[in-house]
Amino acid sequence: MMATVSQYIESLTNSFERFSTLKDVVVLLDKHDNPQFSVGYDVVNFRVTVGGRAYILKCPLRRAHFSEKIYSSIERWRAADPQGMYVARYREFRNELLLFNELGQYMYADVILVETPQGESLGKYLLRVCDARDRDALGALARNFCYMSLWLLSGDLPYGDLLQRNIYVDDNNNPKLVNYELLSGDTSHKISGRVEKPYMSVVGMAVVFFVLACDPSLYRLFDRKAIFNLAILRTRVMDAITNAVKASGNEPMSALMAILTDTYGRFADVQDVVELLHTLTQRGPCTGEHEVVMEGLRGYDYPGDRKSVNFDTSRYDWVGALSDGAVAVNLGVKWGFVDATGAELIPLRFDWADDFSGGRSVVLTDDIYTLIDAEGNYVMPLCFEDMSWYAYAGVVKAMYDGLWGLYDRNGEQIIPPTYTRMGEPSEGLIAVSDGKYSGFVDYHGAMVFPLIYDEVSDFVDGVASVVREGKAMQITHKRS
């Protein structure tokens, strides 16, 4: 008997005597009186209260039982943080929830109850404090994140694909991890005495928090989530930030910037990263550095054609660049699109919206991403945890339950959610990883270079740097 979303909805909305041990479980409803939930590759997450306190109820799909790998991962994180300082608390219940199918057959399914950390998601937190220009809060977050990073990097936890969605921030600017059982990245693999680079996501976040503490306006200027995209950081703003940080005299931050710009197979020792982060926890963003960094960033020619916009922009909180004949605008908490004259194209109904490119835009609603067309119609289901659209390649990479898949411009699946990491399209190829080994696929999903490499870089002029069995080398591919 398969476990389905409809079976869980039926049991949770008629929950009397459906739970073996849990009591007072109430599923939260949206404004249309439908259960609030999100569906992943092999799990469905319901927002519930238990005894009046908010939780996420994780329920497995298909098998009705979580794998031992998931239980082992949860225990591993729990053992690393027994006091719950950095990770949300999980409670596992095996054979807990009674399910029925249309034939009257029944079974008991596993559930995992996850505390909802006090505070707000990282995205909502940053939007609020950056709009308020609260440098003190951002400076405290940068310092506290460095403390958490020291804890992560000093252990053997799989933090390699740490994303915004994995972090909540409390009222004291302390970060806490959620959905960590799905994080991947083998931090124990050594390469000639040096480790692989799963710490890049951690270093990238530390740099972003420091920069935002200097100039909070950058969060909106670089399209909110895009500022965490290493590829965008490296190509659009890295030089400006690097020069500004150097001018400020912040040596440990300059060293972290150097690590971020290293994309061609040279590996920093994780202990060096730990020492730099430790120095920053003691130093933090200094008051005198704010003005120096801001001055350096003000002189940068930020991307986007805003000169072609011909309307009163003061009626909006944020006005983006004219792209594909549309301008992303924000008022309050909602985003939409207008044309160059300010006439409405798509109503303000999204929680965030990227610029249009190639007739498509990535939008966010209730922390879930999808792709829309020029009329605002959904091209893909509203169910993805992260998403990037590459008009130049005609493909979308999207995360579903912690795994990346590939889709075309019409939402047709090219590669199902399979990979723990997926790079940017480059010269006809995309770097992918299964969490242990990496390789390359083409834009049609065909495997061009198998998953045999410990580490890979993107192709540049037909050449990519890779590491296999501890040996650095280069591979070539005909450009397309």
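Trainee: Where in the protein chain is confidence lowest, and where is it highest?

Mentor: In this predicted model, strand 10 (residues 190-191) has the lowest confidence, with a mean pLDDT of 30. The highest is in strand 26 (residues 447-453), at 95. Over the protein chain the average is 82, and 84% of the residues score at least 70.

Trainee: Which residues have a pLDDT that stays under 50?

Mentor: Residues 186-196 do, and the model has 28 contacts there beyond four places in sequence. Residues 300-305 are also below 50, with 13 contacts beyond near neighbours in sequence. Where pLDDT is low, the predicted coordinates should not be read in detail.

Trainee: What makes up the protein chain in terms of helices and strands?

Mentor: The protein chain has 10 helices and 29 strands. Of its 480 residues, 55% count as buried. Among contacts between residues at least 6 apart in sequence, 51% join residues at least 24 apart.

Trainee: Why is helix 3 described as largely enclosed by the rest of the structure?

Mentor: Buried means under 20% relative accessible area. In helix 3, 7 of the 10 residues are buried, so helix 3 is largely enclosed by the rest of the structure. The buried residues are Leu-122, Gly-123, Tyr-125, Leu-126, Leu-127, Val-129 and Cys-130.

Trainee: How do you know that helix 3 meets helix 4, and which residues are involved?

Mentor: Contact means heavy atoms within 4.5 Å. Leu-122, Tyr-125, Leu-126, Val-129 and Cys-130 in helix 3 meet Ala-137, Leu-138 and Leu-141 in helix 4. The residues of this contact divide into 8 nonpolar, no polar and no charged. The axes of helix 3 (residues 122-131) and helix 4 (residues 135-153) come within 9 Å and cross at roughly 145 degrees. The crossing is left-handed.

Trainee: What is noted about the phi of Arg-133, and is Arg-133 buried, partly exposed or exposed?

Mentor: Arg-133 has a positive phi of about 55 degrees, although it is not a glycine. Arg-133 lies in the loop between helix 3 and helix 4. Its relative accessible area is 47%, and partly exposed covers the range between 20% and 50%, so Arg-133 is partly exposed.

Trainee: Why is Glu-469 called exposed?

Mentor: Exposed means over 50% relative accessible area. Glu-469 has 69%, so Glu-469 counts as exposed. Glu-469 sits in the loop between strand 28 (463-468) and strand 29 (471-476). Glu-469 also has a positive phi, of about 50 degrees, although it is not a glycine.

Trainee: Why is Trp-389 called buried?

Mentor: The relative accessible area of Trp-389 is 13%, which is under 20%, so Trp-389 is buried. Trp-389 lies in strand 19 (residues 386-390). Leaving aside neighbours within four places in sequence, its contacts include Ser-357, Leu-371, Val-396 and Arg-409. Trp-389 and Ser-357 are 32 residues apart along the chain, with their C-alpha atoms separated by 8.4 Å.

Trainee: What makes Glu-115 count as buried or exposed?

Mentor: Its relative accessible area of 11% is under the 20% cut-off, so Glu-115 is buried. Glu-115 belongs to strand 6 (residues 106-115). Not counting residues up to four places away in sequence, Glu-115 touches several residues, among them Arg-53, Tyr-55, Arg-89 and Lys-176. From Glu-115 to Val-50, 65 residues apart in sequence, the C-alpha to C-alpha distance is 10.0 Å.

Notes:
Residues are numbered from 1 along each chain as its sequence is written. This is a predicted model: local features need pLDDT of at least 70, side-chain atom pairs count only at pLDDT 80 or more; totals for chains, interfaces and linings use all residues. Side-chain values use heavy atoms; hydrogens and water are left out. Helices (H or I, at least four residues) and strands (E, at least two) are DSSP runs, numbered from the N terminus. Buried means under 20% relative accessible area, exposed over 50%, partly exposed in between (1.4 Å probe, protein chains only). Axes are lines fitted to C-alpha atoms, for helices over the stretch in contact, and angles run from 0 to 180 degrees between N-to-C directions. A crossing is left-handed if the near helix is turned anticlockwise from the far one by less than a right angle, and right-handed if clockwise. Ala, Val, Leu, Ile, Met, Phe, Trp, Tyr, Cys and Pro count as nonpolar, Asp, Glu, Lys and Arg as charged, and the others, Gly among them, as polar. pLDDT is the predictor's confidence in each residue, from 0 to 100.
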